[in-house]
Amino acid sequence: MNYITVENVSRSFADRMLFENISLGINQGQKIGFVAKNGYGKTSLLNIITGKEAPDNGQVSYRNGLKLAFLSQEPDLNPDRSIEEVILDSDIPIMKVIARYERAMKNTDDPEGMQQAIDAMDAVNAWDFETKYRQILSKLQLNDLTQQVGQLSGGQKKRIAMAIALLSDPQLLIMDEPTNHLDLEMIEWLEQYFKQEDYTILMVTHDRYFLDRVCNEIIELDQGQLYSYKGNYSYYVQKKQERLEIEQTTQEKAQQLYKKELNWMRRQPKARRTKSKSRIDDFYEIKAAAHNRRKDHQVELEINMERLGTKVVELHKISKSFGDNTLIKEFSYNFLRGERLGIIGKNGTGKSTFLNMITGALPPDTGKVVVGETVKLGYYTQGGISIKPGQKVIDVVKEYGEYIPLNKGKIISASQLLERFLFDNKKKHDFVEKLSGGERKRLYLCTVLIQNPNFLILDEPTNDLDIPTLNILENFLMDFPGCIIVVSHDRYFMDKIVDHLFVFNQSGHITDFPGNYSDFRAYVGNTDIALDDDSTAQGEKETVAQEEKPKKMATGPTREQQKMLSRLENKIKKLEERRDILQESFLNPDLNPEDLTKNSIELEAVKSELEEVEMEWLECSEKFGD
């Protein structure tokens with residue numbers, strides 16, 4: 001059964017064409033993930049499909065009586081109403097019956113009114129719906145319905161809009177970044193909910209695990225063309241790679257044919273009438289195909305950052321409370337060089353507060369934070385970047401740095417960094433106010449990286465980034481030689497980047513788990529992510545803040561510690577190999593004086609670094625073996 005038909009729709013923004021002559025159909029039972037780069041028009045297309053925007057050309061047709069719900073990135077809710085009032089204002093008829101029933105239950109002096117309310121519930125079979133209503137509000141942590149919407153955070157407003165969308169019981173649910181501002185527990189519940197409920201879905205999201213587990217079709221808008229893949233995200237990745245390989249082969253053949261035809265054109269008389277008109281027309285089509293190169297970029301940066309010393313960041317019994325709410329209680333930890341830490345926990349458990357204490361933006365109530373002299377912090381916050389009116393993209397980045405030093409004396413300029421993060425020449429000189437939300441996040445990321453930090457702290461870096469940018473960021477971070485702390489609800493991202501986790505619970509305790517998010521989920525099963533006091537105080541999942549080791553790991557190093565030792569051993573091996581190569585080079589009689597001097601200097605540097613790494617390995621092995 002067809003719900004919506006989109007025919008030859010086009011949309012431009014200022015002087016830029018977002019998409020042209022796009023056509024697609026949405027049928028009952030489809031769960032479609034819509035992917036494209038930031039700025040390519042994903043949100044605009046959703047707005048056109050839902051009727052919030054008119055297309056420049058083309059039309060959208062709907063099935064008669066279609067019940068459609070749209071969850072936008074930024075919900076438009078009345079700030080002067082309470083949560084309950086906003087839900088009732090959403091025009092869900094059965095909700096008004098439930099509200100009448102709940103008012104009647106509170107007024108025990110009116111038995112007649114109570115009976116009328118019960119009869120009304122029976123008439124529309126509202127009892128099962130009330131159970132669903134309570135479950136959805138509970139899972140989305142909307143417990144105090146008297147709160148004013150204007151006093152809520154962006155994440156809380158998103159959850160209200162999600163509740164309204166689900167409670168409206170739509171045939172077709174269209175969502176723009178539904179997992180933004182939801183914690184991991186909510187996201188996993190939502191995955192299961194969509195598997196159980198008979199929704200037809202069209203959504204834009206960067207959450208690749210969510211796409212993988214919910215969708216049965218992926219549609220990609222790529223360089224002005226729509227491509228459809230009948231499968232989940234993993235299937236899409238595989239088939240897209242095959243398509244790109246075919247495109248590459250086709251382009252190479254087109255280039256060869258173009259060269260051949262170009263020679264023919266040059267050999268023929270200048271008078272056009274003496275040439276084959278059809279062949280000349282074909283030549284220009286071949287030329288266009290031969291020059292139709294993709295604009296994908298890969299980040300391959302060997303950054304020459306300032307080396308970290310033995311002392312990185314030390315946390316000595318730090319605590320932080322706000323009123324009666326204790327977020328962190330006497331937590332101690334020493335970061336090591338090359339550490340890759342992920343932080344998870346429910347919203348409001350102190351994750352951002354923890355980061356702000358490390359960076360010095362917020363002092364601990366008790367205890368102290370010691371940052372090593374060689375540490376250069378780079379902090380990507382949820383708040384984003386402040387933009388001056390009239391600024392151009394390239395100027396914003398240059399305010400923070402002109403270049404990043406690379407190995408072997410090379411550099412990457414601010415302009416080159418922007419290009420690697422998918423800003424083309426035209427976009428680099430655009431005014432910032434013309435950028436989409438995702439493009440601004442990408443720009444903010446560049447301002448952090450251009451400062452060449454050796455200790456990166458990323459607070460929800462994946463929000464509003466498109467999947468191509470996420471792949472680029474992941475490749476960058478996987479090769480990043482410094483320390484990394486990541487707070488993210490993107491499970492796919494966390495699995496690729498981190499070696500161990502800090503799990504924040506709701507009573508101030510922090511659990512150190514050796515492994516990535518999937519390892520943690522497999523270990524705890526269906527246990528609440530934010531472990532409670534009972535499970536952390538006595539269970540074998542506990543890592544005591546004051547550097548006590550959990551009982552299950554008392555016989556040897558943890559998995560994360562083993563990874564740290566392994567990284568150091570690999571580094572020692574590489575340095576030893578480089579040392580041997582340099583020493584052997586002096587046996588070459590043809591070595592010129594300039595290279596001799598250069599190799600001598602490098603050999604001393606390698607020996608010095610090797611000594612430091614060996615000392616660090618020794619210290620770690622002794623510490624982990626206690």
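**Exercise 1. Determine how strand 17 and strand 18 are paired, and place them in their sheet.**

Solution. Step 1: Strand 17 (residues 455-459) and strand 18 (residues 483-487) run parallel to one another and are joined over 5 bridges. Strands here are DSSP runs of E with at least two residues, helices are runs of H or I with at least four residues, and both are numbered from the N terminus. Two strands count as paired if DSSP finds at least two bridges between them. The structure is a predicted model, in which local features need pLDDT of at least 70, side-chain atom pairs count only at pLDDT 80 or more, and totals for chains, interfaces and linings use all residues. Residues are numbered from 1 along each chain as its sequence is written, and side-chain values use heavy atoms, with hydrogens and water left out.

Step 2: Within this pair, L458 stands opposite V486 of strand 18.

Step 3: The open sheet has 6 strands in the order 14-17-18-12-19-20, with mixed pairing. Its edges are strand 14 (377-380) and strand 20 (510-513), each of which pairs on one side only. From one strand to the next, the twist averages 15°; axes are lines fitted to C-alpha atoms, for helices over the stretch in contact, and angles run from 0 to 180 degrees between N-to-C directions.

Step 4: Helix 16 (residues 467-479) packs on this sheet and touches strand 12 (340-345), strand 17 and strand 18. The direction of helix 16 makes about 150° with that of strand 17. Contact means heavy atoms within 4.5 Å.

**Exercise 2. Describe the sheet with the order 2-1-4.**

Solution. Step 1: The sheet is open, has 3 strands and is antiparallel in its pairing. Strand 2 (16-27) and strand 4 (57-62) are the edge strands.

Step 2: Strand 1 (residues 2-13) is joined to strand 4 by 5 bridges. Here T5 stands opposite S61 in strand 4.

**Exercise 3. Characterise the surroundings of R442: is the residue buried or exposed?**

Solution. Step 1: R442 belongs to helix 15 (residues 437-449).

Step 2: With a relative accessible area of 3%, R442 is buried. Buried means under 20% relative accessible area, exposed over 50%, and partly exposed in between (1.4 Å probe, protein chains only).

Step 3: Leaving aside neighbours within four places in sequence, R442 is in contact with residues including N38, F421, L465 and D466. The C-alpha atoms of R442 and P461 are separated by 9.2 Å, and these residues are 19 residues apart along the chain.
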